[in-house]
Structure formats: C-alpha cells, structure tokens
Amino acid sequence: MWRATVLTIFPEMFPGPLGLSLAGKANAAGLWSLDTIDIRDHAGDKHRSVDDTPAGGGPGMVMKADVLARAIDAAAADDARPRLLMSPRGRPLDQAKITSLVQAAGVVIVCGRFEGVDERVIEGRGLEEVSIGDYVLSGGEIAALVVLDACVRLIPGVMGEAGSSVEESFAEGLLEYPHYTRPQTFEGRPIPEILLSGDHAKVAAWRRAQAESMTRARRPDLWETYAARRVHKKTTEG
Ligand code: ADE
C-alpha cells in the first residue's frame, strides 16, 4: 500500500477533499493510506510552541528546528520514503516528479507555516523543498493536498483508463487537444467536422496539430522543450 504521512499544525485539514471521490474510495479500498502527525504534539513546553522569532530580526515567526525534527523522527525515522517540505521556495512540481513519487513506497510531507522553517532541520532531516507554483499560500497544507491528489490518481487500480490521454499528452510535453461531445451544435458552434468523419488517422493528426498550436500559444516554455526534443529525435533517428 502507498503510504502518505503529513506533518502539520492543522491535522483537521486532512483528508479534506481526499476523503471524497476517487481518492476517498481508493483510501477505503486500501490502495493508499494517510496518517497525519500534529507537529504541536512534539513541542517541548506547556504552551505547545512550534515557532519562535527569527534570528537576526525581521517580520514573522520561524518554525522551530527541534520540534519539527522530533515530529519527523517520530513519524519517519529509518524510513526510505522521500521527504518533502512544501514551500514557495522549492523546485516547481511537475508530472515527472509526481510519477517518481508514486513509484516510491509513499511520501512524507511537511507542511510549512509562518515565515519559514529553520534551515537546520531542512538540512538535518534531508527535506526536499517543493513548490506548487509562483504564488504564496498561507501554509503548505493545500499544497500537500495537491501533491497527494496528483499521486493517488496514478496508483494502479485507482482510476482505470480515463486519465491516460491527459498523461500521455503531458509526458510528451504537450497540452491536451480540445474535447467535444453532443449536442452536435451548441449555441451555433458545431463540433469540428473531422471528429465526426470516422477517420481515426485524420482525427489523430488533427488532435496533435491542435495540441501543438495550443502549447505553442499558451506555454512557450513547454513548446521550446518539445520542439527541441522533436528536432533531436529526427536527427538521431535519421
Ligand atoms: N507554501 C506556501 N506557498 C506555497 C507554494 N506556492 N507551494 C508550496 N508550498 C507553499
């Protein structure tokens, strides 16, 4: 079973949306598990403090290294699972990262709060910082839910075939082509004729062309990588 452990000062935020729908059913079916550790349970004083003022001064508070280290050791000492720290300063999350996490035994996720986490526990406990985008959330919990949602849907048996075209598209470095279903005309807009032609090769070619032009227009960063890979493939394959 794929095992997730989340360390947070807000354990009530979990499983949250992951208790419903696909993820919830898969959890009930024993395909994955989720434990939450309340970081506050590992505080050393009667006030259960988890943060303190920043050394060197400045605004906000910093999550204490000793408290967080005790929480991590209680949850995941001698544990080979990757350890993530959700942080806007981390490496941006992508589908390749999700794939590698699903292939591991599970994941340990630390949810940062406050201005930041004492650098020494990041180093000392080998935490890998991961960001879900260039914006600042009030804490890592929602980011952790994002990581878990993206992982759980890839666990074998969770989803069936439905996701495969989206995955294939992303794995190739392209955005997905546009989708249509009945009615044949909606508010004067018809379904592109080629999709009704029954010609599978033509449909596939049309979809690829659409995916390419959409990627080029919306995500020049992805397009650059895709185009470079395509040129490389052509030259190596002759
Ligand atoms: N915590 C706060 N902002 C975040 C972000 N963008 N990604 C991951 N964790 C965060």
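Let's start with Val62, which stands opposite Gly116 in strand E7. Val62 belongs to the pairing between strand E4, residues 62-63, and E7, which is parallel and runs over two bridges. By pairing I mean that DSSP finds at least two bridges between the two strands. Helices (H or I, at least four residues) and strands (E, at least two) are DSSP runs, numbered from the N terminus. E4 and E7 are part of an open sheet of three strands, in the order E3-E4-E7, with mixed pairing. Its edge strands are E3 (51-52) and E7 (116-117), each of them paired on one side only.

A quick word on what you're looking at: this is a predicted model, where local features need pLDDT of at least 70, side-chain atom pairs count only at pLDDT 80 or more, and totals for chains, interfaces and linings use all residues. Residues are numbered from 1 along each chain as its sequence is written, and side-chain values use heavy atoms, with hydrogens and water left out.

Now, over to strand E6, please. How many of its residues are buried? Six of six, and here buried means under 20% relative accessible area, exposed means over 50%, and partly exposed is in between, with a 1.4 Å probe and protein chains only. Both faces of E6 are covered: Gly106, Val108 and Val110 are buried on one side, and Val107, Ile109 and Cys111 on the other. As a reminder, side chains in a regular strand alternate between the two faces of the sheet.

And the partners of E6? Strand E1 joins E6 through five bridges, running parallel, and Arg3 has Gly106 as its bridge partner there. E5 also pairs with E6 in the parallel sense, over four bridges, with Met86 and Cys111 as bridge partners.

That brings us to the largest nonpolar core, which has 27 residues; Trp2, Trp32, Met86, Val107, Ile109, Val147 and Leu148 touch the most other members. A nonpolar core here is a set of buried Ala, Val, Leu, Ile, Met, Phe, Trp, Tyr and Cys residues joined through side-chain atoms within 4.5 Å. The elements giving two or more residues to this core are E1 (2-8), helix H1 (21-28), E5, helix H3 (95-103), E6 (106-111) and helix H5 (141-152). Which element gives the largest share? That would be H5, with eight residues.

Let's move to the ligand. Around it we find Met86, Ser87, Pro88, Val130, Ser131, Ile132, Gly133, Tyr135, Val136, Leu137, Gly139 and Ala143, each with a heavy atom within 4 Å of the ligand. By class, that shell has eight nonpolar, four polar and no charged residues. The classes are simple: Ala, Val, Leu, Ile, Met, Phe, Trp, Tyr, Cys and Pro count as nonpolar, Asp, Glu, Lys and Arg as charged, and the others, Gly among them, as polar.

The backbone does some work for us here. A ligand nitrogen atom is 2.8 Å from a polar backbone atom of Tyr135, and a ligand nitrogen atom is 3.0 Å from a polar backbone atom of Ile132. For Leu137, a backbone N or O atom lies 3.0 Å from a nitrogen atom of the ligand. The protein covers 97% of the 260 Å² of accessible area that the ligand has on its own, using the Shrake-Rupley method with a 1.4 Å probe. Strands E5 (83-92) and E8 (128-131) are the elements that give two or more residues to the shell, and E5 gives the most, three.

Next, a residue I'd like you to click on: Arg81, in the loop between helix H2 (65-76) and E5. Is Arg81 buried or exposed? It is buried, at 5% relative accessible area. Its side chain makes a polar contact with the side chain of Asp79, at 2.6 Å, and a polar atom of that Arg81 side chain lies 3.0 Å from the backbone oxygen of Arg3. A polar contact is a pair of N or O atoms within 3.5 Å; within protein, one must be able to donate a hydrogen and the other to accept it, and residues adjacent in sequence count only if both atoms are side-chain atoms.

Last, some backbone geometry. Phe14 and Pro15 are joined by a cis peptide bond, with omega about -5°, and Pro15 is in the loop between E1 and H1. Asp78 is not a glycine, yet has a positive phi of about 50°; Asp78 is exposed, at 86% relative accessible area.
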